[in-house]
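Biologist: Please take a close look at the ring pairing in this chain, then walk me outward from there. Short sentences suit me.

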Amino acid sequence: MSYLRFEKALMTNLEEALPRELLRTNRSGAYSCSTIVDCNTRKYHGLLVVPVPELDDENHVLLSSLDVTVIQHGAEFNLGLHKYQGNNYSPKGHKYIREFDCDKVPTTVYRVGGVILKKEVVFQHYEDRILIRYTLEDAHSATTLRFRPFLAFRSVRQFTHENGVASREYHEVDNGIKTCMYAGYPDLYMQFNKKNEFHFVPDWYRGVEYPKEQERGYASNEDLYVPGYFEMNIKKGESIVFAASTSQIRSSSLKSLFDKEVAERAPRDNFFHCLVNAAHQFHNRLGNDERYILAGYPWFKCRARDTFIALPGLTLAIEEQDYFELVMKTAERELRNFMKGKPVKKITEMEMPDVPLWAVWAVQQYAKEAGEEKAFKMYGKLVADIVKFIEEGNHPNLTLEENGLVRIEGRERAMTWMNSTANGRPVVPRTGFVVEINALWYNALKFCAKLANYNKDEKAVAHLEEMAALTKESFVDTFLNDYGYLYDYVDGNMIDWSVRPNMIFAVALDYSPLAQDQKKSVLDICTRELLTPKGLRSLSPKSGGYNPMYVGPQTQRDYAYHQGTAWPWLGGFYMEACLKLYKRTRLSFVERQMVGYEDEMMLNCLGTIPEMSDGNPPFRARGAMSFAMNVAEILRTLNMLEKYTYNR
């Protein structure tokens with residue numbers, strides 16, 4: 001039986017089907033995304049969503065959806081599905097779905113009387129092109145297909161409405177048409193592999209509604225423009241391929257192109273293969289030599305912290321060392337530009353204080369896979385330069401104090417991964433000495449000292465070890481309290497007693513300033529108060545301000561974002577801490593924790609991991625549908641499990 005397969009009973013039940021989404025991406029950052037019944041429920045959904053750098057740095061929905069109508073004996077059966085205001089769904093094409101499978105490519109089988117129509121979808125890897133193949137598997141009489149495209153031509157953050165500015169002009173191209181609704185946008189090419197008739201019947205479909213936006217407290221309806229429809233006959237056993245793209249293609253090549261793209265797809269036939277597939281979806285390419293990691297879909301871009309945290313899991317954990325090096329080459333160039341005071345090209349938030357320390361951590365993970373000697377040759381100078389940059393006081397947002405700890409100023413601007421703001425101020429104003437940043441600093445000093453040994457620079461090694469010893473002593477004196485856990489941050493007389501997951505890094509990192517019994521105490525408290533089946537809570541239920549439900553309007557969600565929601569990527573570091581402290585005795589425990597993540601493969605966006613979950617049962621998925629750090633840390637955990645199992 002297929003891993004990602006759903007029967008008719010689920011597909012025809014909108015309460016079950018609509019929360020399940022499907023995402024396909026390419027290397028430019030373009031994507032195709034909707035629900036498994038092809039009913040768009042977010043403004044971010046669309047069949048062809050592409051970046052338009054001439055306009056801005058956002059993605060834009062060009063082709064929102066494509067309705068297919070089966071015609072026999074003059075009777076029309078529309079297989080499309082849209083939600084309109086007043087909880088009205090039309091034309092309810094989901095009732096014809098017999099089964100859905102997306103182990104290799106998303107495949108939907110429709111049955112209309114004696115007609116069985118199969119639809120398969122692929123998103124081309126290196127072109128902004130969606131390909132859809134329709135195969136008539138059975139029919140007892142002459143059958144015609146009608147295709148009606150719904151166009152938006154707008155940013156994913158906006159809506160389109162009926163207007164007199166939108167161009168109705170179109171031009172015929174090879175077995176299709178091209179059109180462009182607004183100046184500044186690329187042409188949209190819609191083509192088939194066989195001759196067809198295009199009927200120009202322009203109209204606006206008004207009041208299309210997106211329930212996910214309603215849930216998030218945003219405006220939620222728009223009008224979509226339909227220029228007309230394509231029509232052609234189809235014989236039993238025949239396949240028709242449709243392509244929508246920003247560039248024209250020879251229509252005669254569509255069938256072979258579809259077959260080629262399908263052949264390149266790896267099956268998503270188990271948990272691990274789904275995660276590998278999801279990992280590849282975050283790959284982003286600019287030009288010939290620039291490689292990036294997108295932080296998530298559908299709204300995240302390339303962020304520095306996310307890049308360095310996600311990179312080892314998305315590459316090294318699945319034996320893709322070469323891609324690690326490609327991304328790191330680009331990221332190092334951007335990081336060095338920041339350290340030299342030059343503009344950073346594409347990776348945002350490079351100025352955050354923990355970013356260079358996460359870069360050191362990423363190199364540390366590379367050293368485990370490629371060997372320390374190669375890590376030193378590739379990145380030894382980078383690691384040394386980062387430590388020197390911070391030590392000499394050159395980082396604008398990170399200051400090394402006399403006690404060996406680093407401090408930040410986070411009262412006015414959020415400076416850590418807990419970066420939600422409300423009314424222009426941080427919801428969690430973490431400032432002063434912050435626990436995970438100082439754990440990362442200690443780890444960076446020790447790792448830098450280890451790499452310096454390959455340079456045979458005894459003076460540098462001694463200096464780094466001396467700095468690390470001071471940091472270690474101050475870390476314990478500053479953060480460890482009498483209750484056996486670590487303060488989240490300390491700023492003079494201001495001490496944050498909240499039980500938060502940030503202390504887990506002091507246990508999970510390879511070099512910890514804590515003694516063994518102190519590590520166990522911290523881990524025990526994380527287990528008791530923060531652990532969920534979906535990762536670690538961002539705040540303990542016993543701490544003040546616990547707000548675990550990420551629902552409602554933007555401001556309400558901002559106050560909940562880091563106040564109790566559960567994050568899978570934090571769970572990855574928790575699992576690492578477990579395995580380091582208890583070795584093989586915790587293998588079965590960690591394996592059981594993986595079950596909670598495997599459930600996500602079939603519940604939300606198929607085959608990937610969402611941004612976060614509510615901190616209370618039933619731990620509903622929230623936020624972005626696919627999040628790089630989460631996928632990465634689960635892959636890294638599986639890799640650790642394999643190593644411990646193999647060495648058993």
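**Aromatic pairs and their surroundings**

Modeller: The count comes to 40 aromatic pairs. One of them joins Y170 and F198. The ring centres are 4.9 Å apart, with 70° between the planes, and the pair is edge-to-face. This is a predicted model, so read every value here as computed from predicted coordinates.

The pair links distant parts of the chain. Y170 sits in strand 14, residues 170–173. F198 sits in strand 17, residues 197–209. The two are 28 residues apart. How do the partners fare for burial? Y170 has 25% relative accessibility, so it counts as partly exposed. F198 has 18%, so it counts as buried. The cut-off for buried is under 20% relative accessible area.

Rings can also carry a charge over the face. K346 lies over the face of Y292, at 4.7 Å from the ring centre. R586 does so over Y582, at 4.0 Å from the ring centre.

Take another ring, F433. Its place is in strand 27, residues 433–434. F433 counts as buried because its relative accessibility is 12%, under the 20% limit. Which residues does F433 touch, beyond those up to four places away in sequence? The contacts are E401, N403, L405, V406, R407, N438, T478, F479, D488, Y489 and V490. F619 is another matter: F433 and F619 are 186 residues apart in sequence, and their C-alpha atoms are 32 Å apart in space.

Now back to strand 14, and the loop that leads into it. T160 is in the loop between strand 13 (143–155) and strand 14. Is T160 buried or exposed? At 5% relative accessibility, T160 counts as buried. Setting aside residues up to four places away in sequence, T160 touches A152, R154, Y182, W204, E222, D223 and L224. W204 falls within the residue range of strand 17, the strand that holds F198.

A243 gives a second buried site. A243 is in strand 19, residues 239–245. With a relative accessible area of 3%, A243 is buried. How far apart are the C-alpha atoms of A243 and L131? They are separated by 4.7 Å, although the two residues are 112 residues apart along the chain. L131 is also among the contacts of A243. The others, leaving aside neighbours within four places in sequence, are R129, I130, Y189, M190, Q191 and L254.

Next, the backbone. Most residues other than glycine have a negative phi, and most peptide bonds are trans. Several places here depart from that pattern. A cis peptide bond joins S90 and P91, with omega about 5°. P91 lies in the loop between strand 8 (88–90) and strand 9 (97–101). K92 lies in that loop too. K92 has a positive phi of about 65°, although it is not a glycine. At 43% relative accessibility, K92 counts as partly exposed.

N87 is on the other side of strand 8, in the loop between strand 7 (82–84) and strand 8. N87 is not a glycine either, yet has a positive phi of about 60°. Its relative accessibility is 54%, so N87 counts as exposed.

A second cis peptide bond joins Y297 and P298. Omega there is about 10°. P298 lies in the loop between strand 22 (296–297) and helix 6.

That loop brings us to helix 6. Two packed helices are described by the angle between their axes and the distance between the axes. Helix 6 covers residues 304–315, and helix 18 covers residues 628–646. Their axes come within 7 Å and cross at roughly 35°. The crossing is left-handed. Which residues of helix 6 meet helix 18? They are D306, I309, A310, P312, G313 and L314. On the helix 18 side the partners are A628, M629, V631, A632, E633, L635 and R636. The residues of this contact divide into 9 nonpolar, 1 polar and 3 charged.

Terms used:
Residues are numbered from 1 along each chain as its sequence is written. This is a predicted model: local features need pLDDT of at least 70, side-chain atom pairs count only at pLDDT 80 or more; totals for chains, interfaces and linings use all residues. Side-chain values use heavy atoms; hydrogens and water are left out. Axes are lines fitted to C-alpha atoms, for helices over the stretch in contact, and angles run from 0 to 180 degrees between N-to-C directions. Helices (H or I, at least four residues) and strands (E, at least two) are DSSP runs, numbered from the N terminus. A crossing is left-handed if the near helix is turned anticlockwise from the far one by less than a right angle, and right-handed if clockwise. Contact means heavy atoms within 4.5 Å. Ala, Val, Leu, Ile, Met, Phe, Trp, Tyr, Cys and Pro count as nonpolar, Asp, Glu, Lys and Arg as charged, and the others, Gly among them, as polar. Rings of Phe, Tyr and Trp (its six-membered ring) pair if their centres lie within 6.5 Å; planes under 30 degrees apart count as stacked, over 60 as edge-to-face and the rest as tilted. Buried means under 20% relative accessible area, exposed over 50%, partly exposed in between (1.4 Å probe, protein chains only). A charge sits over a ring if NZ of Lys or CZ of Arg is within 6 Å of the ring centre and within 35 degrees of the ring normal.
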